[in-house]
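Visitor: I am new to this structure and would like a close look at a single part of it. Please pick one helix, say which of its residues are buried, and then work outward to what surrounds it.

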Amino acid sequence: MAHTILITGATGTVGSELVLDLANRGVTVRAGVHSIIKGDRLRHIYPDTQLVEIDYARPETLHVALTGVERLFLVTPFVENQVAYAKQVIDVAKQAGVQQIVRLSVAGADATPGIQLGRWHREVEEYLAQSGVPYTLVRPTSFMQNFINHNSDSICQEDKFYLPLGDGAISYIDVRDIASVAANILTTDVAQHQGKAYTLTGPVALTGAAVAAAISQAANRPIAYVDVPEAAARQAMSQAPQWMTDAMLELHALGKAGHAAAVTSTVEELTGRPAYTFEQFAKDYHQHFQPGS
Ligand SMILES: NC(=O)c1ccc[n+]([C@@H]2O[C@H](COP(=O)([O-])OP(=O)(O)OC[C@H]3O[C@@H](n4cnc5c(N)ncnc54)[C@H](OP(=O)(O)O)[C@@H]3O)[C@@H](O)[C@H]2O)c1
């Protein structure tokens, strides 16, 4: 059981890419999956992957999942009790003798006063720092893959995507870079990254128009960025809970104001290769932007 690496959120956007990255390095992991059925796909792709059920709403699953774990990649979903969930995992990990926790946080979590999303992450970061368990914080900007997860329906059906970002530029990061950085941290000496916080960004900041140009090029047809007023964006999210709508609109307002444009060279410093460009991302995932996909 020694040296077991547990990846939480292993079927999610970052977790699945991290399982893949580690598998490519010959490192097998314990994949923490919310649903064994959904997680079974992972075992098909990586037969050596050990699956373990984790439901943050059922703490007893954590005790089983963390037994024998040396290193932990901690992801919490975007849900109302994300902070309580993360703290509970940290407590159980400490009891279980985990030697390293790599926490997926967010860029700007240390800003004051910052935004609500960042403050939730900061609360967990501080709790982790006080836990006594060696830790590393990974703080990415907005994911390029959000355009697949959240905007591909309208891109495929209407050749448009709608966001309330004005001309604000954002230094989107490819999730593959987050996975590479996390994989490096999880497979090198714990002391090397102990207590560090890494802000991860893409190589440049892009406006909505520049994103549209990159997706148009990759999809081989014109895709338009439609800048929507905040009220219209709120209306479009009317099915979502209020706390989620408020947090997302606050995040978008930050991007619109140009406060999410900073670029770091941390991906290259930690992986030894340049961060993916948005153009490369759009090319590699162009099938997600095709009509009927
Ligand atoms: N999106 C961005 O641009 C961005 C940028 C910076 C930071 N972040 C941070 O990234 C984190 C989210 O990571 P992600 O995008 O990789 O997540 P994600 O794709 O939304 O996946 C969430 C994962 O958590 C699992 N999960 C859901 N409910 C669970 C529960 N009750 N117990 C255990 N597992 C559960 C999901 O499994 P099922 O699918 O089976 O339910 C899934 O594997 C958040 O903390 C967010 O703030 C996001």
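Guide: Take helix H8: its buried residues are Val175, Arg176, Asp177, Ile178, Ala179, Ser180, Val181, Ala182, Ala183, Asn184, Ile185 and Leu186. That makes 12 of its 13 residues, so the helix is mostly covered, where buried means under 20% relative accessible area. The model is a predicted one. H8 runs over residues 175-187 and reaches 18 Å from its first C-alpha to its last, close to the 18 Å expected at 1.5 Å a residue.

One neighbour of H8 can be seen from aspartate 21, which lies in helix H1 (residues 13-24). Leaving aside neighbours within four places in sequence, aspartate 21 is in contact with Ala179, Ser180 and Ala183. Aspartate 21 has 14% relative accessibility and therefore counts as buried.

Next comes the nonpolar interior. The largest nonpolar core has 32 residues, and among those with the most contacts inside it are Ile178 and Leu186. At least two residues of this core come from each of strand S1 (4-7), H1, strand S2 (30-33), S5, H8 and strand S8 (197-200). H8 gives the largest share, eight residues.

Leucine 186 shows how the end of H8 meets the rest. Not counting residues up to four places away in sequence, leucine 186 touches Ile5, Ile7, Leu18, Leu22, Arg71, Leu72, Phe73, Gln100 and Val102. A second, separate core of 29 residues includes Val52, Ala93, Val98 and Leu128.

Two of the residues touched by leucine 186, Phe73 and Val102, are also linked to each other: the bridge partner of phenylalanine 73 in S5 is valine 102. S4 and S5 pair in the parallel sense over four bridges. They belong to an open sheet of seven strands in the order S3-S2-S1-S4-S5-S6-S8, with parallel pairing. Strand S3 (50-53) and S8 stand at the edges with a single partner strand each, so one side of each has no neighbour in the sheet. From one strand to the next, the twist averages 20 degrees.

Other helices pack on this sheet. Helix H2 (residues 36-45) touches S2 and S3, and its direction makes about 165 degrees with that of S3. H4 touches S4 and S5, with a direction at about 170 degrees to that of S4. The buried residues of H4 include Tyr85, Val89 and Ala93. Those buried residues pack against helix H3 (60-66), strand S4 (69-74), strand S5 (100-104), helix H5 (116-131) and helix H12 (242-256).

Conventions: Residues are numbered from 1 along each chain as its sequence is written. This is a predicted model: local features need pLDDT of at least 70, side-chain atom pairs count only at pLDDT 80 or more; totals for chains, interfaces and linings use all residues. Side-chain values use heavy atoms; hydrogens and water are left out. Buried means under 20% relative accessible area, exposed over 50%, partly exposed in between (1.4 Å probe, protein chains only). Contact means heavy atoms within 4.5 Å. The expected span of a helix is 1.5 Å times one less than its number of residues. A nonpolar core is a set of buried Ala, Val, Leu, Ile, Met, Phe, Trp, Tyr and Cys residues joined through side-chain atoms within 4.5 Å. Two strands pair if DSSP finds at least two bridges between them. Axes are lines fitted to C-alpha atoms, for helices over the stretch in contact, and angles run from 0 to 180 degrees between N-to-C directions.
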